[in-house]
Amino acid sequence: MFAALGDDTRWSILAALGGADASASALAEVLPVSRQAIAKHLAVLQDVGLVEPVRVGREVRYRVLGSQLTETARRLDLIGAQWDRRLATIKQIAEDLERE
């Protein structure tokens with residue numbers, strides 16, 4: 001998941017798809033990469049469950065799977081809260097040592 005999100009082009013694709021479903025060709029028109037590169041990026045995003053293809057007539061459009069992004073954000077929030085608690089503990093220990 002994080003390796004897939006580690007690429008700026010894939011973030012741009014997700015942002016573009018956030019507004020509406022789109023084909024690889026439509027995405028290539030608004031992003032500074034080729035349609036073939038878009039297709040490869042979409043395959044990576046699909047492999048990790050962030051987008052899914054939907055056939056509309058002869059065209060394949062892609063849509064963002066928000067549930068996967070929501071779950072990832074939830075997990076990151078949990079990790080962030082754990083670090084906040086650890087840092088608060090370290091701060092408290094340092095303050096106690098200063099008072100001694």
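The following legends describe views of a predicted model of a protein.

**Figure 1. Overall arrangement of the protein.** The model contains five helices and three strands. Read from the N terminus, these elements follow the order α-α-β-α-α-β-β-α. The radius of gyration is 20 Å, whereas the globule rule gives 13 Å for 100 residues, so the protein is more spread out than a compact globule. Along the principal axes, the C-alpha atoms occupy a box of roughly 75 × 25 × 20 Å. Of the 100 residues, 20% are buried. The exposed surface of the protein amounts to about 7,000 Å², with carbon and sulfur atoms supplying 54% of it. Among contacts with a separation of 6 or more, 45% join residues 24 or more positions apart.

**Figure 2. Helix H4 along its length.** Helix H4 comprises the 13 residues 35–47. At 1.5 Å a residue, H4 should span 18 Å, and the distance of 18 Å between its end C-alpha atoms agrees with this. Just after H4, Gly49 adopts a positive phi of about 80 degrees.

**Figure 3. The buried and exposed faces of helix H4.** Ile38, His41, Leu42 and Leu45 are the buried residues of H4. Because they cover an arc of only 105 degrees around the axis, they lie on the same side of the helix. An α-helix has 3.6 residues a turn, so residues three or four places apart point the same way. The face of H4 turned away from the buried side carries the exposed residues Gln36, Lys40 and Asp47.

**Figure 4. Elements that cover the buried side of helix H4.** The cover over the buried residues of H4 includes two helices, H2 (8–19) and H3 (24–30). Strands E2 (51–56) and E3 (59–64) are also included in this cover.

**Figure 5. The largest nonpolar core.** This core consists of 15 residues. Those with the most contacts inside it are Ile13, Leu17, Leu27, Ile38, Leu42 and Val51. Helices H2, H3 and H4 each contribute at least two residues to the core. Two of the residues named here, Ile38 and Leu42, also appear among the buried residues of H4.

**Figure 6. The surroundings of Leu17.** Leu17 is one of the residues with the most contacts inside the largest nonpolar core. When its neighbours within four places in sequence are left aside, Leu17 is in contact with Ala22, Leu27, Leu42, Val51, Tyr62 and Val64. Among these partners, Leu42 is a buried residue of H4.

Key: Residues are numbered from 1 along each chain as its sequence is written. This is a predicted model: local features need pLDDT of at least 70, side-chain atom pairs count only at pLDDT 80 or more; totals for chains, interfaces and linings use all residues. Side-chain values use heavy atoms; hydrogens and water are left out. Helices (H or I, at least four residues) and strands (E, at least two) are DSSP runs, numbered from the N terminus. The expected span of a helix is 1.5 Å times one less than its number of residues. Buried means under 20% relative accessible area, exposed over 50%, partly exposed in between (1.4 Å probe, protein chains only). The arc is that of the directions from the helix axis to the C-beta atoms. Contact means heavy atoms within 4.5 Å. A nonpolar core is a set of buried Ala, Val, Leu, Ile, Met, Phe, Trp, Tyr and Cys residues joined through side-chain atoms within 4.5 Å. The radius of gyration is taken over C-alpha atoms; the globule rule is 2.2 Å times the number of residues to the power 0.38. Accessible areas come from the Shrake-Rupley method with a 1.4 Å probe; for residues, only the protein chains shown count as cover.
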